[in-house]
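Biologist: I would like to go through this structure step by step. Could you take my questions in order?

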Amino acid sequence: MNGRKQMPYDEFLEWVLYDPQIGYYQNSRCRVGKFKHNDFYTSSNLGGVWGSLIVEACTNLLGENDPGLFTFVEIGAEPGSSTLDGIENPFEQVRVIRLGDTFNIPKRAIIYSNELLDAQPFKRFRYHQEADDWLEIFVALKGDEFKEIDLERKGPLPFPPPHYPTEGYLIDWPCGSLSMMQKILYPPSWKGVFLTFDYGLDLNILMQDRPDGTARGYYRQKMNSKLLDHPGEQDLTCHLCWDILEHCLKENGFNPAIRMSQESFLLKYSTSSIQRIFRESEGPMDANMLALRELIHPAHLGHGLQGLASTRF
């Protein structure tokens, strides 16, 4: 706490997620997978199938540009792995930027990430009807436990508030995702493709239809709303606001963004790879078919995750 009585939520998250000593993303434990000791799993866990789909999608997004002139850059891969490990690809080079690495983006690049942006710190705000105002939620240490406290904001709201908020309406504002986007998109000298897959919502849904906020903790394959429990030992995320990310792309000289469910995105941009998996399948229990089903079926990862892509040439 550095002598303070409380700290803003985004600072608390920066500490419990990224601090070199206790940060969740700094420890060596295997976080991602389907075993009980893992906290969650995602598309990149499905190995070669996912990598092949991504290669085709990126090649199609390049249009008439020669993929051999572009470097594939994955940001935020788990330690010891990357999406294109062992995957044949047409790109000039493949690079991985992990936590703590210097951002060094080539002049021609395909920038790819999977659930990177929703892993960034966020702020929390709650509406108080009596004060007719939005208070910022801070984290305070009470005895040996962390507690939330609502305090007066020091600045303007970073979002356009709902017109008729209800008492206690909670907004988890993904400020860290915007900071990360700006870091990725700068400098404007690099040209190519931006592609990310993540969980997010439109601004009007965040403002009108999510009164309990969207922040959640993930601990041992279970989702929870106890964000202050197990500091440094559980994943903490909140939904992105697609509107501000699409605006960020536009402001940085990118073409109008493409956004759709992961299922729809892969069916549109990775068609040949999907057809090949069907052709080579040895039946419904074929490993590649099972992986594909998890990636595109609405009941699995296909619907909740969305793809956001844009180009700048």
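The questions and answers below deal with a predicted model.

Biologist: Which residues have the most contacts inside the largest nonpolar core?

Modeller: In soluble globular proteins, nonpolar side chains tend to be buried together. Here the largest nonpolar core has 35 residues. Those with the most contacts inside it are I111, W173, M181, I184, L185, F194 and L245.

Biologist: Which element supplies the largest share of this core?

Modeller: Several elements each supply at least two residues of the core, among them β4 (108–114), α3 (175–185) and α5 (242–251). The largest share is five residues, and the element it comes from is α5.

Biologist: Which residues of α5 are buried?

Modeller: Buried means under 20% relative accessible area. In α5 that group consists of W242, I244, L245, C248 and L249.

Biologist: How are α3 and α5 oriented to each other?

Modeller: The axes of α3 and α5 come within 10 Å and cross at roughly 20 degrees. Angles under 35 degrees count as roughly parallel. The two helices, α3 and α5, are therefore roughly parallel to each other.

Biologist: Is the crossing of α3 and α5 left-handed or right-handed?

Modeller: The angle between the axes is roughly 20 degrees. As α3 passes α5, the crossing is right-handed.

Biologist: How many nonpolar, polar and charged residues are in the contact of α3 with α5?

Modeller: On the α3 side the residues are S177, L178, M181, Q182 and L185, and they meet I244, L245, C248 and L249 in α5. An α-helix has 3.6 residues a turn, so residues three or four places apart point the same way. By class, the contact of α3 with α5 has no charged residues, two polar and seven nonpolar.

Biologist: What is F194 in contact with?

Modeller: F194 is one of the residues with the most contacts inside the largest core. Leaving aside neighbours within four places in sequence, F194 is in contact with I111, M181, I184, L185, L249, F254, L308, A309 and S310.

Biologist: How many residues are in the second, separate core?

Modeller: The second core is separate and includes L62, F70, L266 and I274. Its number of residues is 31.

Biologist: How is α7 oriented to α8?

Modeller: The axes of α7 (residues 271–280) and α8 (residues 287–296) come within 9 Å and cross at roughly 140 degrees. Angles over 145 degrees would count as roughly antiparallel, and 65 to 115 as roughly perpendicular. The crossing angle therefore makes α7 oblique to α8.

Biologist: Which residues make the contact of α7 with α8?

Modeller: α7 passes α8 in a left-handed crossing. By class, their contact has five nonpolar, one polar and no charged residues. The residues are I274, I277 and F278 of α7, with N288, M289 and L292 of α8.

Biologist: Is F197 buried or exposed?

Modeller: F197 is found in strand β9 (residues 191–198). Leaving aside its neighbours within four places in sequence, F197 is in contact with residues including W50, Y112, F265 and L305. Its relative accessibility is 0%, so F197 counts as buried.

Biologist: What distance separates the C-alpha atoms of F197 and L308?

Modeller: Along the chain, F197 and L308 are 111 residues apart. In space, their C-alpha atoms are separated by 6.3 Å.

Biologist: What is the relative accessible area of D118?

Modeller: D118 has its place in the loop between β4 and β5. Leaving aside neighbours within four places in sequence, D118 is in contact with D198, Y199, L236, T237, C238 and L240. D118 is buried, with a relative accessible area of 4%.

Biologist: What residues does the cis peptide bond join?

Modeller: The proline of the pair lies in the loop between α3 and β9. For this bond omega is about 5 degrees. The residues joined are Y186 and P187.

Biologist: Is D132 buried or exposed?

Modeller: D132 lies in the loop between β5 and β6 (133–142). D132 is not a glycine, but has a positive phi of about 50 degrees. With a relative accessible area of 57%, D132 is exposed.

Biologist: What is the relative accessibility of H230?

Modeller: H230 lies in the loop between β12 (222–224) and β13 (235–237). Phi of H230 is also positive, near 50 degrees, in a residue other than glycine. H230 counts as partly exposed, at a relative accessibility of 35%.

Technical notes:
Residues are numbered from 1 along each chain as its sequence is written. This is a predicted model: local features need pLDDT of at least 70, side-chain atom pairs count only at pLDDT 80 or more; totals for chains, interfaces and linings use all residues. Side-chain values use heavy atoms; hydrogens and water are left out. Helices (H or I, at least four residues) and strands (E, at least two) are DSSP runs, numbered from the N terminus. Buried means under 20% relative accessible area, exposed over 50%, partly exposed in between (1.4 Å probe, protein chains only). Contact means heavy atoms within 4.5 Å. A nonpolar core is a set of buried Ala, Val, Leu, Ile, Met, Phe, Trp, Tyr and Cys residues joined through side-chain atoms within 4.5 Å. Axes are lines fitted to C-alpha atoms, for helices over the stretch in contact, and angles run from 0 to 180 degrees between N-to-C directions. A crossing is left-handed if the near helix is turned anticlockwise from the far one by less than a right angle, and right-handed if clockwise. Ala, Val, Leu, Ile, Met, Phe, Trp, Tyr, Cys and Pro count as nonpolar, Asp, Glu, Lys and Arg as charged, and the others, Gly among them, as polar.
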